[in-house]
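Here is a friendly walk through one protein model, meant to be read with the structure open beside you. Shall we start with a single side chain and work outwards from there?

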Amino acid sequence: MRTSDFATSFNAVAAEYASARPDYPPALYDALEECFGRPLADAHALDVGAGTGKATRGLGERGVRVTAVEPGDGMAAQLATASPGVPLVRAVGDALPFADGSVDLVTYAQAWHWTRPEVALPEALRVLRPEGGLALWWNTNDRSVGWIDEQVERLRRRLPQHGAHDVTRIVGRHLAALEPALRPVYREVAWSRTVPIATHLANLATHSQFAVLDQVETRPVLAEEEAIVGALFPDGLVEESYVVRLTYLPRPNELTTD
């Protein structure tokens with residue numbers, strides 16, 4: 001199955017994505033501000049691959065002037081409904097329709113791995129102002145928590161693509177191969193949320209490895225998870241634990257890319 005099939009699969013589950021996927025904790029934006037080196041308020045950011053707008057709204061709450069960049073019809077519709085005042089541009093990170101040196105931040109929340117990095121990285125650097133930066137982050141399962149680690153392994157056996165992205169390896173490869181002048185900064189933020197088991201299952205179902213499959217294939221997998229997780233959390237409330245992994249790349253003064 002092509003990577004593009006996984007990337008576009010979210011449009012079919014956009015409403016569920018908006019309601020069930022986790023947001024990002026306030027401490028993430030604290031870490032981003034620390035990396036940015038000055039207050040986020042009044043900075044101009046492009047939130048690329050904005051999806052339903054979870055990071056877009058989080059940045060906006062910090063006073064960032066955000067322009068959302070999202071190509072998918074379903075995801076963009078959810079973002080426009082939830083955040084009608086946010087500028088929304090239908091584009092991809094591989095071809096940003098913005099002027100050189102026009103923004104302070106380019107952010108990719110849960111989205112960088114869908115780009116063509118050899119194109120997306122120079123594009124991000126092009127539109128950044130000299131003191132700007134590129135921020136990439138992902139909510140990842142906290143596999144130090146026993147039941148979560150067991151669930152990831154279970155799902156990998158059923159759906160081999162589940163959790164296949166090694167964020168550190170992917171980002172490191174992009175940086176080393178594409179722009180040696182970059183000096184990345186890394187931060188990790190652990191956090192958790194407590195949700196009804198139905199939300200937990202809906203969250204699982206929005207991941208691309210589920211979304212590309214027919215319900216005939218996914219229904220027994222989700223039923224198994226409902227039984228196992230339900231036994232672990234008999235009150236019906238599931239504590240999901242995450243680690244947000246942030247990579248921040250200050251724009252270097254001298255670039256080696258063309």
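The side chain of arginine 193 comes within 2.6 Å of the backbone oxygen of alanine 20. Please keep in mind that this is a predicted model. Arginine 193 belongs to strand 6, and the points below begin with its surroundings before moving on to the sheet, the helices and the loops.

**Arginine 193 and its surroundings**

- Is arginine 193 buried or exposed? Its relative accessibility is 15%, so it counts as buried, the cut-off being under 20%.
- Besides reaching the backbone oxygen of alanine 20, the side chain of arginine 193 makes a polar contact of 2.6 Å with the side chain of glutamate 240.
- Setting aside neighbours within four places in sequence, arginine 193 is in contact with Ala20, Arg21 and Pro22, with Thr199 and Asn203, and with Val238, Glu239, Glu240 and Tyr242.
- One of these contacts, Asn203, is also among the buried residues of helix 9.

**Arginine 187, also in strand 6**

- Arginine 187 has its place in strand 6 as well, and with a relative accessible area of 29% it is partly exposed.
- Which side chain does the side chain of arginine 187 meet in a polar contact? That partner is glutamate 34, at 3.0 Å.
- Not counting residues up to four places away in sequence, arginine 187 touches Ala31, Glu34, Cys35, Val244, Arg245 and Leu246.
- Arginine 187 and arginine 245 are separated by 58 residues in sequence, yet their C-alpha atoms lie 6.1 Å apart.

**The sheet**

- The 7 strands form an open sheet in the order 3-2-1-4-5-7-6, and the pairing is mixed.
- Strand 3 (88-89) and strand 6 (185-196) are the edges of this sheet, each pairing on one side only.
- In general, the strands of a sheet pair through backbone hydrogen bonds, in either a parallel or an antiparallel way.
- At the strand 3 edge, strand 2 (residues 65-69) pairs with strand 3 in the parallel sense over 2 bridges, and alanine 68 stands opposite leucine 88 of strand 3.
- Strand 1 and strand 4 run parallel and are joined by 4 bridges; here leucine 46 has valine 106 of strand 4 as its bridge partner.
- Strand 4 also pairs with strand 5 in the parallel sense, over 6 bridges, and valine 106 has leucine 134 of strand 5 as its bridge partner.
- How many residues of strand 4 are buried? The count is 7 of its 7 residues, so strand 4 is mostly covered, each of these residues having under 20% relative accessible area.

**Helices against the sheet**

- Helix 6 (residues 117-127) lies across strand 1 (44-48), strand 4 (103-109) and strand 5 (128-141), and runs at about 135° to strand 5.
- Helix 7 (residues 146-158) lies across strand 5 and strand 7 (237-250), at about 80° to strand 7.
- The buried residues of helix 9 (residues 197-205) are Ile197, His200, Leu201, Asn203 and Leu204. Because they cover an arc of only 155° around the axis, they sit on the same side of helix 9.
- As general background, an α-helix has 3.6 residues a turn, so residues three or four places apart point the same way.

**Two loop residues with positive phi**

- Aspartate 42 is not a glycine, yet has a positive phi of about 75°. You will find aspartate 42 in the loop between helix 3 (26-36) and strand 1, where it is exposed, with a relative accessible area of 56%.
- Glutamine 110, likewise a residue other than glycine, has a positive phi near 65°. Glutamine 110 lies in the loop between strand 4 and helix 6, and at 16% relative accessibility it counts as buried.

**The whole chain**

- The protein chain has 11 helices and 7 strands, and 49% of its 258 residues count as buried.
- Among contacts with a separation of 6 or more, 75% come from residues 24 or more positions apart.
- The chain exposes about 11800 Å², of which carbon and sulfur atoms supply 53%.

Note on methods:
Residues are numbered from 1 along each chain as its sequence is written. This is a predicted model: local features need pLDDT of at least 70, side-chain atom pairs count only at pLDDT 80 or more; totals for chains, interfaces and linings use all residues. Side-chain values use heavy atoms; hydrogens and water are left out. Two strands pair if DSSP finds at least two bridges between them. Contact means heavy atoms within 4.5 Å. Axes are lines fitted to C-alpha atoms, for helices over the stretch in contact, and angles run from 0 to 180 degrees between N-to-C directions. Buried means under 20% relative accessible area, exposed over 50%, partly exposed in between (1.4 Å probe, protein chains only). The arc is that of the directions from the helix axis to the C-beta atoms. A polar contact is a pair of N or O atoms within 3.5 Å; within protein, one must be able to donate a hydrogen and the other to accept it, and residues adjacent in sequence count only if both atoms are side-chain atoms. Accessible areas come from the Shrake-Rupley method with a 1.4 Å probe; for residues, only the protein chains shown count as cover.
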